[in-house]
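Biologist: Before planning any bench work, I should like to go through this structure with you. May I put some questions to you about its strands, its helices and its aromatic residues?

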Amino acid sequence: MLLPMIIGMNHFTAIAADPQAALHFYENLLGLKAGNRPDLGFAGAWLYAGETTVLHLYFDRQVPNPAAGVIDHIAFTTQDLKSFKARFDALGYPYKLQHREGGSWQLFCHDPSGAKIELNFSESESLD
């Protein structure tokens with residue numbers, strides 16, 4: 001049986017204690033560019049390398065289920081939603097599945113050390 005696949009890194013999310021300093025660092029020192037970010041109900045910025053979002057910054061700790069440290073979560077681009085869900089269910093591993101407004105799916109879980117993991121599936125994926 002083939003296992004479901006992670007096909008790439010999607011983004012990292014970090015909590016910025018000082019938003020201006022964080023933006024200065026990532027834009028002026030590392031060359032990322034702040035760009036389009038949907039309204040998520042809390043302050044933050046998405047930073048891009050070219051056309052790709054690589055870093056999500058939270059500007060406060062008023063986010064849903066915040067992490068204890070500076071890195072909030074690690075997100076992977078994945079494929080085969082049905083297989084991932086079936087594998088988690090078969091192993092009894094806890095997760096939260098979320099269907100986003102644009103049609104894509106996200107599966108959230110924690111690794112054994114407590115790091116929050118986000119798996120992103122394309123809009124073409126379905127549970128049907």
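Modeller: Please do; I shall begin with one pair of strands. In this predicted model, strand 7 and strand 8 are joined by six bridges and run antiparallel.

Biologist: Which residue of strand 8 does His110 stand opposite?

Modeller: Strand 7 covers residues 105-110 and strand 8 covers 116-121. The two strands run antiparallel. The residue that stands opposite His110 is Lys116.

Biologist: How many bridges join strand 5 to strand 8, and in which sense do these strands run?

Modeller: Strand 5 comprises residues 71-79. Within this pairing, Ile74 stands opposite Ile117 of strand 8. The two strands run parallel, and the bridges that join them number five.

Biologist: In what order do the eight strands lie in the open sheet?

Modeller: The pairing in this sheet is mixed. The edges are strand 2 (33-35) and strand 6 (96-99), each of which pairs on one side only. From one strand to the next, the twist averages 30°. The order is 2-3-4-1-5-8-7-6.

Biologist: At the edge formed by strand 2, which residue of strand 3 stands opposite Ala34?

Modeller: Strand 2 pairs with strand 3 (residues 44-49) in the antiparallel sense, over three bridges. Opposite Ala34 stands Leu47.

Biologist: Is strand 8 largely enclosed or largely open?

Modeller: Lys116, Glu118 and Asn120 point one way from the strand, while Ile117, Leu119 and Phe121 point the other way, and all are buried. Because six of the six residues of strand 8 are buried, the strand is largely enclosed by the rest of the structure.

Biologist: What angle does the direction of helix 2 make with that of strand 8?

Modeller: Helix 2, residues 81-91, packs on the sheet and touches strand 1 (5-15), strand 5, strand 6, strand 7 and strand 8. The buried residues of the helix pack against these five elements: strand 1, strand 5, strand 6, strand 7 and strand 8. The angle between the directions of helix 2 and strand 8 is about 145°.

Biologist: Within what arc do the buried residues of helix 2 fall?

Modeller: The buried residues include Leu81, Phe84 and Phe88. An α-helix has 3.6 residues a turn, so residues three or four places apart point the same way. Seen down the axis of helix 2, the buried residues line one face of the helix, because they fall within an arc of 70°.

Biologist: Which residue follows helix 2, and what is its phi?

Modeller: The residue after helix 2 is Gly92. Its phi is positive, near 70°.

Biologist: Which residues form one aromatic cluster with Phe88?

Modeller: A search of the whole structure finds four aromatic pairs. One of them joins Phe88 and Tyr93 edge-to-face, at 5.9 Å centre to centre and 85° between the planes. Phe88 also pairs edge-to-face with Tyr95, at 5.6 Å centre to centre and 80° between the planes. The partners in the cluster are therefore Tyr93 and Tyr95.

Biologist: Is Phe88 buried or exposed?

Modeller: Tyr93 is partly exposed at a relative accessible area of 33%, and Tyr95 is partly exposed at 25%. The relative accessibility of Phe88 is 13%. Buried means under 20%, so Phe88 counts as buried.

Terms used: Residues are numbered from 1 along each chain as its sequence is written. This is a predicted model: local features need pLDDT of at least 70, side-chain atom pairs count only at pLDDT 80 or more; totals for chains, interfaces and linings use all residues. Side-chain values use heavy atoms; hydrogens and water are left out. Rings of Phe, Tyr and Trp (its six-membered ring) pair if their centres lie within 6.5 Å; planes under 30 degrees apart count as stacked, over 60 as edge-to-face and the rest as tilted. Buried means under 20% relative accessible area, exposed over 50%, partly exposed in between (1.4 Å probe, protein chains only). Two strands pair if DSSP finds at least two bridges between them. Helices (H or I, at least four residues) and strands (E, at least two) are DSSP runs, numbered from the N terminus. Axes are lines fitted to C-alpha atoms, for helices over the stretch in contact, and angles run from 0 to 180 degrees between N-to-C directions. Contact means heavy atoms within 4.5 Å. The arc is that of the directions from the helix axis to the C-beta atoms.
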